Structures are given as C-alpha cells and as structure tokens.
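This briefing is meant to be read beside the sequence and the 3D view, and it moves from charged pairs to the ligand and then to one helix. Please keep both at hand while reading.

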Amino acid sequence: MIVATTIEQLRDALAAGKKAATGRGGKGEVGLVPTMGYLHEGHASLLQRARLENDVVALSIFVNPLQFGPNEDFARYPRDAERDLAIARKEGTDVVFMPDVTVMYPRPSQTTVSVSGLTESLCGASRPGHFDGVATVVSKLFHLFDPDRAYFGMKDAQQVAVVRQMTDDLNFRVRIVPCPTLREPDGLAMSSRNVYLSPEEREQALVLSRALGRVDGWLAEPGITGARLRERIVDTIGTAPLAVVDYVEAVTYPGLLPAGDWQPGDGTPLLLALAVKFGRTRLIDNKLIE
Ligand code: AMP
C-alpha cells in the first residue's frame, strides 16, 4: 500500500498501481473511495466493494474544510491516521491519498462547483454551502484520480444524488456506485460522528433507526402516504427527550421533490430522510423505498 501526501506522489502511485495490474493481465481499472477518515465498517464495506470490482483500490482521507459551516465541527472532527491506515491495509487498499489542506487548496480558489436544485432541500437547507464544498472537492478528487468507479454510501443519500448529477452534467467518465448503509448491531447507522455521543445520547439516538425500521409495517396500512409516514417518524423521534429534529422529509429519489402525496405503488422511489441533533451532535439517517 502506497501512502501519498502530495499530488505528485499520488500520480506516481496510481501509475505504478495500474502498471502492476496490467502486468498481471488486469485492465488497470481504478476504484476510488472518498472519505474524511476516522474509518469504520461502513467505509470498510466501500473498500471491499471497490476491491471486488477494480484492479487498483484508492482511498482518499481528507477532512474538507469547504464543506463545513463556520459553526460546524471542522476543527474537532475526529482524526486517527494510524488506525485508518491499518484498516485500509487490512481491506487490501493499494493507494491512500492523505493530503494536507495546503495540498488540496494551495491558494485561495476562485472556482466552486455548485449543483442547483438538488442541494436546496434537506441537508442543503440546514447546511448552507455544504454541497458546494462537497461537489468542489469531489470534482477535484475525480480529476486527480481519474477513477473508473467511485463508491459512496447511501447513508448520505442526498450526496449520492448530487454527485451523480454533477458527474452526468460535467461528463466525468467515472461510474458512481451507491452502497448500502452499515449499522451497529443495535441499528444505529455507523458514522465517524457517533464518537461524540454521550452514553445517554447514544442510547436515545437508537430512536432514529427504530423509527425508520417501523416504516415497512406502516407501509402495509391502507391510505398511507409520504406525509403520514413522515408524521409517524416525527412522532416516534419525539419519544426521545434529547432528540432535536433538524428535518424529517419525504421526498422522491433521486429528484428530491416533495412527496407528501406519495403512495405505495406510485412507481417513484420514496426517500424518507432525517437529520436530528443529540446535544451538539447532528446525525443523519434515511430509508429508501424503491
Ligand atoms: P465520510 O467519511 O463520513 O465523509 O464518509 C465517506 C463515505 O463513506 C461516504 O460515501 C459515506 O456515505 C460513506 N459512509 C459513511 N457512513 C456509512 C455507513 N454507515 N455505511 C455505508 N457507507 C457509509
């Protein structure tokens, strides 16, 4: 496994990885897993999928300041490079790119990639500028790695929709591969931010997966709609005293249009998406009904 911290090292490492792969008779295809580090089994599952489908598995670890708001957790975002590298190695990663902020943004940039429409609701509404930061850094990573496939978790369903739209609009040749959300044994969606939770918050945060887990049962009720599913989720979350709802929405997927009138059998996938704060920690989760 080669660990690159500069763009030159990254280019050399990718070239070496592709050459070795083609020497073994492979196609030299590159699968990229972009992350902010503090890796958990959710990230590992993306690396495993990439390992299955590509000759060269590349991982980026970069806490991207552009996607954090001024009052968000950029400075205290958890970091543990050594642990991350051990996980990357265990999953058979070939190239890890861990740049400093000065490598990714050596000078004030005057270019922002901004996806309209899809970024105005859900996390885009509560985190102004967040998806501009995501789209900008992901396009830089796509240019730097020129991957054949890039792996993203559906835990960030809106991010998947935004990245797909950007990829199509700007003719990136990469194929975006959405991957399922991995959960702790008790149901909590895995997230680097879960370490912020106090034991009491951690216990109450289970209400999120519990609410989403009840959706399948509610779907069987006559007359159920997107709006009613949303209300039931809000009511369930309301049973946890520490939960402060940022949003709970029922929207179409991947278009993210309001879907209060949605009914089972409509033929349109429904996304039930939520963001809820426990203390200072904002957690997101969702359920896609296809
Ligand atoms: P992050 O480091 O949180 O920015 O996440 C990097 C990638 O891992 C994103 O594509 C996330 O959607 C994905 N990811 C985060 N948590 C999970 C999870 N619990 N299951 C699957 N993928 C995840």
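The points below cover salt bridges, the surroundings of the ligand and the two sides of a helix. The model is a predicted one, and it holds 14 salt bridges. Its ligand has 17 residues around it, and the protein covers 93% of the 480 Å² of accessible area that this ligand has on its own.

**Salt bridges between separate parts of the chain**

- Side chains of opposite charge can pair when their charged atoms come close.
- Arginine 183 pairs with aspartate 285 in a salt bridge whose closest N and O atoms are 2.9 Å apart. Because arginine 183 lies in the loop between strand S6 (175-179) and helix H8 (199-204), while aspartate 285 belongs to strand S9 (residues 281-289), this pair ties together parts that are 102 residues apart in sequence.
- The two partners of that bridge can also be described by their accessibility: arginine 183 counts as partly exposed at 31% relative accessibility, whereas aspartate 285 is buried, with a relative accessible area of 4%.
- Aspartate 186 forms a salt bridge with arginine 202, and here the closest N and O atoms are 3.0 Å apart. The pair links distant parts of the chain, since aspartate 186 sits in the loop between S6 and H8 and arginine 202 in helix H8, 16 residues apart.
- Both of these residues are partly exposed, aspartate 186 with a relative accessible area of 39% and arginine 202 with one of 24%.
- Aspartate 246 is joined to arginine 282 by a salt bridge with its closest N and O atoms 2.9 Å apart. Aspartate 246 is in strand S7 (residues 243-252) and arginine 282 in strand S9, so the bridge ties together parts that are 36 residues apart in sequence.
- With 33% relative accessibility, aspartate 246 counts as partly exposed.
- Lys27, Glu29 and Arg149 are linked with one another in a network of salt bridges.

**Surroundings of the ligand**

- Which residues come nearest to the ligand? Of the 17 around it, these are Met36, Gly153, Asp156, Leu182 and Met190.
- An oxygen atom of the ligand lies 2.9 Å from a backbone N or O atom of glycine 153, and an oxygen atom of the ligand is 2.6 Å from an N or O atom in the side chain of aspartate 156.
- Methionine 190 offers a polar backbone atom that is 2.9 Å from a nitrogen atom of the ligand.
- Strand S2 (30-35), helix H2 (41-53) and strand S5 (149-153) are the elements that give two or more residues to the shell around the ligand, and the largest share, 3 residues, comes from H2.
- By character, the residues of this shell divide into 8 nonpolar, 7 polar and 2 charged.

**The two sides of helix H3**

- In helix H3 (residues 81-90), the residues Asp84, Leu85, Ile87 and Ala88 are buried. Seen down the axis of H3, the buried residues fall within an arc of 160°, and therefore they line one face of the helix.
- An α-helix has 3.6 residues a turn, so residues three or four places apart point the same way.
- Glu82, Arg89 and Lys90 are exposed on the other side of H3.

Technical notes:
Residues are numbered from 1 along each chain as its sequence is written. This is a predicted model: local features need pLDDT of at least 70, side-chain atom pairs count only at pLDDT 80 or more; totals for chains, interfaces and linings use all residues. Side-chain values use heavy atoms; hydrogens and water are left out. A salt bridge is a side-chain nitrogen of Lys or Arg within 4 Å of a carboxyl oxygen of Asp or Glu. Helices (H or I, at least four residues) and strands (E, at least two) are DSSP runs, numbered from the N terminus. Buried means under 20% relative accessible area, exposed over 50%, partly exposed in between (1.4 Å probe, protein chains only). A residue is near a molecule or strand if one of its heavy atoms lies within 4 Å of it. A polar contact is a pair of N or O atoms within 3.5 Å; within protein, one must be able to donate a hydrogen and the other to accept it, and residues adjacent in sequence count only if both atoms are side-chain atoms. Accessible areas come from the Shrake-Rupley method with a 1.4 Å probe; for residues, only the protein chains shown count as cover. Ala, Val, Leu, Ile, Met, Phe, Trp, Tyr, Cys and Pro count as nonpolar, Asp, Glu, Lys and Arg as charged, and the others, Gly among them, as polar. The arc is that of the directions from the helix axis to the C-beta atoms.
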